[in-house]
Amino acid sequence: MPELDQVASAAGAREDLPLLRDAAREAGAIAMRYFGNNPQVWMKGGTSPVSEADHAADAYLRQTLLAARPDYGWLSEETADNPARLAARRTFVVDPIDGTRGFLEGLRSWCVSIAVVEDGRTLAGVLECPATEETYWALPGEGAFLNGRRIAVRRPAAMVEIGGPKPLIALMPAEWQGRLSRVPYIPSLAYRLAMVANGRLDATFVKPNAHDWDIAAADLILREAGGALLDQKGRAPRYAGEVIHHGALVAGSGELLAVLSGIIAGLDG
């Protein structure tokens, strides 16, 4: 029965949240041991850096979370994907360090991102941002929180702050251009979405090819804060399926989100 399934899912999410928070906190502490200490770095695909900090945090999370929930699937940026996860009812979706490039440059806006996903939707999400001493979390229908304080998206104002690529921001209608301020680039997409959820940013464009591990946890946090993350067809993304990357996305709330959604709806692909 669908209603009973929803109740069971909600109960499971509440049980998972303390596990996620504890694991994220320890993974953040592991990453901090390398932060600013010139960790060893490799390049993935010739363009994307990965460090020994990423690997250490990922190994801890994989061991800890799967030991606690051995029947869950596992999807992580730093672990080779195993299609066997598709048979699991629930899946951990993990980025051990979201914003590795910024992490390596000494920027503080990076985080450990952990989500539990069932049937394509996030049931529990945690972002641990140790360099900024911020912990975000959310459960469906129960609100979004930062360090224990409930958070909400920013209310409409005369001036708006937007994140994302300049070419997309340049497509904003003329009547909005005089009201816009583009924030400097934030390498961690999860952290950028958390800024929207926390009211520090009004909205953001997301260029194509974000992966599940970049956004699954932050998506729920944003939604519970009163915002939304939408694809080119105006739909919420789904996670932990066979396809784990996404086209252009937008995040925000209210009229501004509708404007951004209209822009990406007109893009090719």
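Tutor: Two strands are said to pair if DSSP finds at least two bridges between them. This is a predicted model, and we can take strand β14, residues 249-252, as the starting point.

Student: What makes β12 and β14 a pair of strands?

Tutor: Strand β12, residues 203-206, is joined to β14 by three bridges, and since the criterion asks for at least two, the two strands pair. They run antiparallel, and within this pairing Val 206 stands opposite Leu 249 of β14.

Student: How do you know that β13 and β14 pair?

Tutor: Strand β13, residues 228-230, shares three bridges with β14 in the antiparallel sense, which again satisfies the requirement of at least two, so these strands pair as well. Here Ala 228 has Gly 252 of β14 as its bridge partner.

Student: Why are both faces of strand β14 called covered?

Tutor: In a regular strand the side chains alternate between the two faces of the sheet. In β14, Leu 249 and Ala 251 lie on one side, Val 250 and Gly 252 lie on the other, and all of them are buried.

Student: Where is Asp 231 placed, and why does Asp 231 count as buried or exposed?

Tutor: Asp 231 belongs to the loop between β13 and β14. Its relative accessibility is 14%, and buried means under 20%, so Asp 231 counts as buried. Not counting residues up to four places away in sequence, Asp 231 touches Ala 248, Leu 249 and Ile 264, and its side chain reaches the backbone nitrogen of Lys 233 at 2.9 Å.

Student: Why is helix α6 described as largely enclosed?

Tutor: Nine of the nine residues of α6, residues 189-197, are buried, so the helix is largely enclosed by the rest of the structure. Among them are Tyr 191, Arg 192 and Met 195. After α6 comes Gly 199, whose phi is positive, near 75°.

Student: What makes the contact of Glu 78 with Lys 44 a salt bridge?

Tutor: Side chains of opposite charge can pair when their charged atoms come close. For Glu 78 and Lys 44 the closest N and O atoms are 3.3 Å apart, and the limit is 4 Å, so the pair is a salt bridge. It links distant parts of the chain, with Glu 78 in the loop between β3 and β4 and Lys 44 in strand β1, 34 residues apart. Lys 44, Glu 77 and Glu 78 are linked in a network of salt bridges.

Student: How do you know whether Glu 78 and Lys 44 are buried or partly exposed?

Tutor: Glu 78 has a relative accessible area of 15%, under the 20% cut-off, and is therefore buried. Lys 44, at 27%, falls between 20% and 50% and so counts as partly exposed.

Student: How many salt bridges does the structure hold, and what makes Arg 85 and Asp 81 one of these pairs?

Tutor: The structure holds 16 salt bridges. In Arg 85 and Asp 81 the closest N and O atoms are 2.7 Å apart, within the 4 Å limit, so the pair qualifies. Arg 85, at 5%, is buried, whereas Asp 81, at 41%, is partly exposed.

Student: Why is Asp 219 called buried and Arg 223 partly exposed?

Tutor: The relative accessible area of Asp 219 is 3%, under 20%, so Asp 219 is buried, while Arg 223 has 35%, which means partly exposed because that value lies between 20% and 50%. The two form a salt bridge with their closest N and O atoms 3.1 Å apart, and both lie in helix α7, four residues apart, about one turn of the helix.

Methods: Residues numbered from 1 in each chain as written. Predicted model: local features only at pLDDT ≥ 70, side-chain atom pairs only at ≥ 80, totals over all residues. Heavy atoms only, no water. Buried < 20%, exposed > 50% of the residue type's maximum accessible area, 1.4 Å probe, protein only. Polar contact = N/O pair within 3.5 Å; in protein donor to acceptor, adjacent residues only side chain to side chain. Contact = heavy atoms within 4.5 Å. Salt bridge = Lys/Arg side-chain N within 4 Å of Asp/Glu carboxyl O.
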